[in-house]
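Trainee: I have a model open and a list of terms to check. Can we go through them one by one?

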Amino acid sequence: MAGDWTDEQNDAIVADYFEMFVNELAGQPYNKAEHNRALQSMIHRPRGAIEYKHQNISAVLKGLNEDWIQGYKPAFNYQLALADAVDRWLRSHPDWLERAMRTAIEDTRLTLQEPKELWIGPPPTYSNAPPPAELEQMQAVARRYDVAERDARNRKLGRAGEERVLAHERATLLAAGRSDLVHRIRWVSELDGDGAGYDIQSFEPNGGERLIEVKTTNGWERSPFYISRNELEFAEAHYDEWRLVRVWNFAREPRAFELSPPLDAHVSLMATSYQATFL
């Protein structure tokens with residue numbers, strides 16, 4: 001059968017994908033070929049089409065800022081109807097994201113007991129961007145489902161990301177022989193609440209201050225994120241000390257990069273809300 005997939009077919013293959021994904025995350029074996037054969041009988045699509053659609057689902061999840069089955073490399077140029085099907089599945093299984101988050105937080109707790117440095121890589125640039133068509137489709141999905149707002153509202157994710165960066169800062173100073181500075185690190189957002197313009201007060205090995213704002217997502221390094229006007233203004237006023245640590249791929253293997261002011265040299269800043277006052 002050629003042509004567009006129906007909602008019923010999309011829902012069936014998305015459910016099958018997550019059934020395999022649950023097994024993968026739990027470390028339990030599963031047989032992709034058996035899953036494919038069962039789907040062929042259920043939705044009347046050939047093996048190759050099913051295989052490619054699984055890769056499309058990985059691409060949707062990447063755009064939605066979520067992890068995906070590593071054996072299904074993201075393949076783009078999919079229809080938005082498939083993205084809608086993935087969104088329907090996630091909305092009907094709110095425990096899915098919660099389970100993944102619990103696992104990641106437990107790993108972070110272990111890291112806090114024995115401080116460990118994060119993998120810090122270069123920030124995304126035009127030179128290492130994916131192909132334009134791929135990037136455009138991922139950005140379209142991110143906007144359609146507002147993944148930046150979802151991550152911003154996920155307090156557990158944000159808090160766990162800050163804890164992981166705390167462990168990194170401690171491990172970095174210990175490795176530099178500055179145990180005297182480790183005890184002076186402050187988790188500002190936890191102790192004083194939000195609103196300071198940064199989350200963590202840390203130090204460079206030479207004693208210089210580091211005022212760190214942490215932004216965490218489960219997805220890839222180019223996932224959009226929210227930053228407040230207060231944070232931007234604080235960054236401009238503390239140009240030399242303020243750093244944005246962007247943590248990504250958190251649920252599976254946290255990685256990060258740093259950005260220094262001015263932020264508009266690295267990212268495109270878009271106003272998403274306005275304050276209305278009476279004339």
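What follows is a set of short exchanges on the terms used for this predicted model.

Mentor: Start with the whole chain. The protein chain holds 11 helices and six strands. Of its 279 residues, buried ones make up 44%.

Trainee: What share of the contacts between residues at least 6 apart in sequence joins residues at least 24 apart?

Mentor: The share is 66%.

Trainee: Now the sheet. What makes it open, and what is the strand order?

Mentor: Six strands are arranged in the order 1-6-5-4-3-2, and the pairing is mixed. The edges are strand 1 (119-120) and strand 2 (186-187), each with pairing on one side only. The sheet is called open.

Trainee: How do you know that strand 1 and strand 6 count as paired?

Mentor: The cut-off is at least two bridges. Strand 1 and strand 6 (residues 255-259) have two bridges, in the parallel sense. Therefore they pair under that cut-off. Trp119 is opposite Arg255 of strand 6.

Trainee: And which way do strand 2 and strand 3 run?

Mentor: Antiparallel, with two bridges between strand 2 and strand 3 (residues 200-203). Arg186 has Gln201 of strand 3 as its bridge partner.

Trainee: How many bridges join strand 5 to strand 6?

Mentor: Five, and the two strands run antiparallel. Arg246 is bridged to Phe257 in strand 6. That gives the mixed pairing its two senses: parallel for strands 1 and 6, antiparallel for strands 5 and 6.

Trainee: What connects strand 5 and strand 6 in their hairpin?

Mentor: Six residues lie between the two strands, with Asn249 in the turn.

Trainee: What makes the phi of Asn249 worth a remark?

Mentor: Most residues other than glycine have a negative phi. Asn249 is not a glycine, yet its phi is positive, about 55°.

Trainee: Why is Asn249 called buried?

Mentor: Its relative accessible area is 16%. Buried means under 20%. So Asn249 is buried.

Trainee: Which other residue has a positive phi without being glycine?

Mentor: Asn77 has one, with phi near 65°. Asn77 sits in the loop between helix 3 and helix 4.

Trainee: Is Asn77 buried or exposed, and why?

Mentor: Its relative accessible area is 71%. Exposed means over 50%. Therefore Asn77 is exposed.

Trainee: Asp67 is in that loop too, between helix 3 and helix 4 (80-92). Why is Asp67 counted as buried?

Mentor: The relative accessibility of Asp67 is 10%. The limit is under 20%, so Asp67 counts as buried.

Trainee: What does Asp67 touch, leaving out residues up to four places away in sequence?

Mentor: Phe21, Leu61, Asn249 and Arg252. Asn249 is the turn residue of the hairpin we discussed.

Trainee: Which strands does helix 8 lie across?

Mentor: Helix 8 (residues 155-175) lies across strands 1, 2, 3, 4 (209-216) and 5 (242-248). The angle to strand 4 is about 145°.

Trainee: Next, empty space. What makes a space a cavity instead of a pocket?

Mentor: In a cavity the 1.4 Å probe fits but cannot get out, whereas a pocket is open. With a floor of 30 Å³, the count here is one cavity. The largest cavity has a volume of about 50 Å³.

Trainee: Which helix gives the most to the lining of the largest cavity?

Mentor: Helix 6, with three residues. Helix 3 (47-63) and helix 6 (132-145) each supply at least two. The lining residues include Lys62, Met138, Trp220 and Arg222. By class, the lining has four nonpolar, four polar and two charged residues.

Trainee: And what volume does the second largest pocket have?

Mentor: About 480 Å³. It is lined by 27 residues, with Ala152, Arg155, Glu213, Lys215 and Glu231 closest to its centre. Helix 7 (147-153), helix 8, strand 4 and helix 11 (229-237) each supply at least two lining residues. The classes are 10 nonpolar, nine polar and eight charged.

Trainee: Last one. How do you know that the peptide bond between Pro261 and Pro262 is cis?

Mentor: Its omega is about 0°. Most peptide bonds are trans. Pro262 lies in the segment after strand 6.

Note on methods. Residues numbered from 1 in each chain as written. Predicted model: local features only at pLDDT ≥ 70, side-chain atom pairs only at ≥ 80, totals over all residues. Heavy atoms only, no water. 1 Å grid on protein atoms, 1.4 Å probe; cavity = no way out; pocket = protein on both sides within 12 Å on 5 of 7 lines; lining within 4 Å. Points joined across faces, edges and corners; volume = space filled by probe spheres on them. Helix = DSSP H or I, 4+ residues; strand = E, 2+ residues; numbered from the N terminus. Nonpolar A, V, L, I, M, F, W, Y, C, P; charged D, E, K, R; others polar. Contact = heavy atoms within 4.5 Å. Axes fitted to C-alpha atoms, helices over the stretch in contact; angles between N-to-C directions. Buried < 20%, exposed > 50% of the residue type's maximum accessible area, 1.4 Å probe, protein only.
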